[in-house]
Amino acid sequence: MKQNLSFNLDALIVFGKLVECRNLSKAATLLGMPKSTVSRKISKLESDLGVKLLRKNTHQITVTDIGQQVYSHSLKILAEANHVSALIEGNKQEPQGELRAALPIFMGIDYAARVGGTFLQRYPSSQLELRLVDEMVHPIKDGYDVVFGIGPLQSSTLIARKAFELDCFLCASKKFVDRLVEPLTVPSQLNKLPFIDFDYYGQPRKSTLTKGKKRYDISPMVRARVNNFQISKDYILRGLGVGIMPKQIICSGELKEGVIVPVLPEWELQSIDAYMIYPFQLSFSNLISAFYDTALEIILENSSIR
């Protein structure tokens, strides 16, 4: 098969990484090569193609119109290259190699530890660097292979694979409920009770309850606000107020024991969609697929109420 390309495919990969990062130093670090080599490959690619792909100044890198078109086509070329890699990986007996992953801190240390521990035990030829993060991180710009996040995907260079839904519910400790003068029967009663509020990536989440076609936005007296379900559980167990917890993780044992009880169970909170997000170039990685399966498995193991 004769090859008549006027440019080097390796330079195209370097160009794609630089477009994703928009930062020469970060791209060089992720590619594992000196900045001078990255600059040289980009200059050679522009020379071979006879067009200007990037505009560079002291503060930022921008992509020219033709550069953006070349980048779009390069993604398709890299996808085909990944198909070849997938064929090779598929012949391996087990996933292997290093995986850098980020989980949101609100999911809790216990969940992260169980996912990481199960993954490492199951795949002894793998290495895992797992971080708990308090803000949404970008796989490419922040140097991760895979991250878990919530909400819609903002970049066409990434793939978001829905991992699971966290079905959240209102709850309190049994001793807190037993101390109430009157039983909780309607959402408006919550506005007069201390509340353990929860935020995601530093952003408070509006709490709307639904029951059929009925909706109610609660405006409780916030006693504490946290960004971690395990801290929230501890406050709830201490009887400090009503709070929000996920059904699948963190408090399944306490629910079975009856020390934490649902509050207004006929009223539902909006579920949280959790996505596994990773670069397009890693779309055929069996290491990422194995991590996805493990994370989902731990969630399903801890499902307690539906």
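Select leucine 264, in the loop between strand S14 (260–262) and strand S15 (268–269). Helices (H or I, at least four residues) and strands (E, at least two) are DSSP runs, numbered from the N terminus. Leucine 264 has a positive phi of about 50°, although it is not a glycine. Most residues other than glycine have a negative phi. At 3% relative accessibility, leucine 264 counts as buried; buried means under 20% relative accessible area, exposed over 50%, and partly exposed in between (1.4 Å probe, protein chains only).

The model is predicted: local features need pLDDT of at least 70 and side-chain atom pairs count only at pLDDT 80 or more, while totals for chains, interfaces and linings use all residues. Residues are numbered from 1 along each chain as its sequence is written, and side-chain values use heavy atoms, with hydrogens and water left out.

Go next to arginine 22, in the loop between H1 and H2. Arginine 22 also has a positive phi, near 55°, and is not a glycine. Its relative accessibility is 38%, so arginine 22 counts as partly exposed.

Now show the two helices on either side of that loop. H1 and helix H2 (residues 24–31) pack at an angle of about 130°, with their axes 8 Å apart. Axes are lines fitted to C-alpha atoms, for helices over the stretch in contact, and angles run from 0 to 180 degrees between N-to-C directions. H1 and H2 are therefore oblique to each other; under 35 degrees counts as roughly parallel, over 145 as roughly antiparallel, 65 to 115 as roughly perpendicular and the rest as oblique. The crossing of H1 with H2 is right-handed: a crossing is left-handed if the near helix is turned anticlockwise from the far one by less than a right angle, and right-handed if clockwise. Val14, Lys17, Leu18 and Cys21 of H1 meet Leu24, Lys26, Ala27, Leu30 and Leu31 of H2, where contact means heavy atoms within 4.5 Å.

Keep H1 (residues 9–21) and add helix H3 (residues 35–49): the angle is about 110° and the axes are 9 Å apart. H1 and H3 are therefore roughly perpendicular, and H1 passes H3 in a left-handed crossing. On H1, select Asp10, Ala11, Leu12, Val14, Phe15 and Leu18; on H3, Val38, Lys41, Ile42 and Leu45. This contact of H1 with H3 has 8 nonpolar, no polar and 2 charged residues. Ala, Val, Leu, Ile, Met, Phe, Trp, Tyr, Cys and Pro count as nonpolar, Asp, Glu, Lys and Arg as charged, and the others, Gly among them, as polar.

Move to helix H5 (residues 109–122) and helix H9 (residues 286–301), which pack at about 130° with their axes 9 Å apart. That angle makes H5 oblique to H9. The crossing of H5 and H9 is right-handed. Residues to show in the contact include Tyr111, Arg114 and Phe119 of H5 and Phe291, Ile298 and Glu301 of H9. By class, the contact of H5 with H9 divides into 9 nonpolar, 2 polar and 4 charged residues.

The last residue to select is aspartate 197, in strand S8 (residues 194–200). Aspartate 197 is buried, with a relative accessible area of 9%. Leaving aside neighbours within four places in sequence, aspartate 197 is in contact with Val222, Ala224, Arg225 and Val226. Add glycine 243: it lies 46 residues from aspartate 197 in sequence and 6.4 Å away in space, C-alpha to C-alpha.

Finally, show the whole chain, with its 9 helices and 16 strands. Buried residues make up 44% of the 306 residues.
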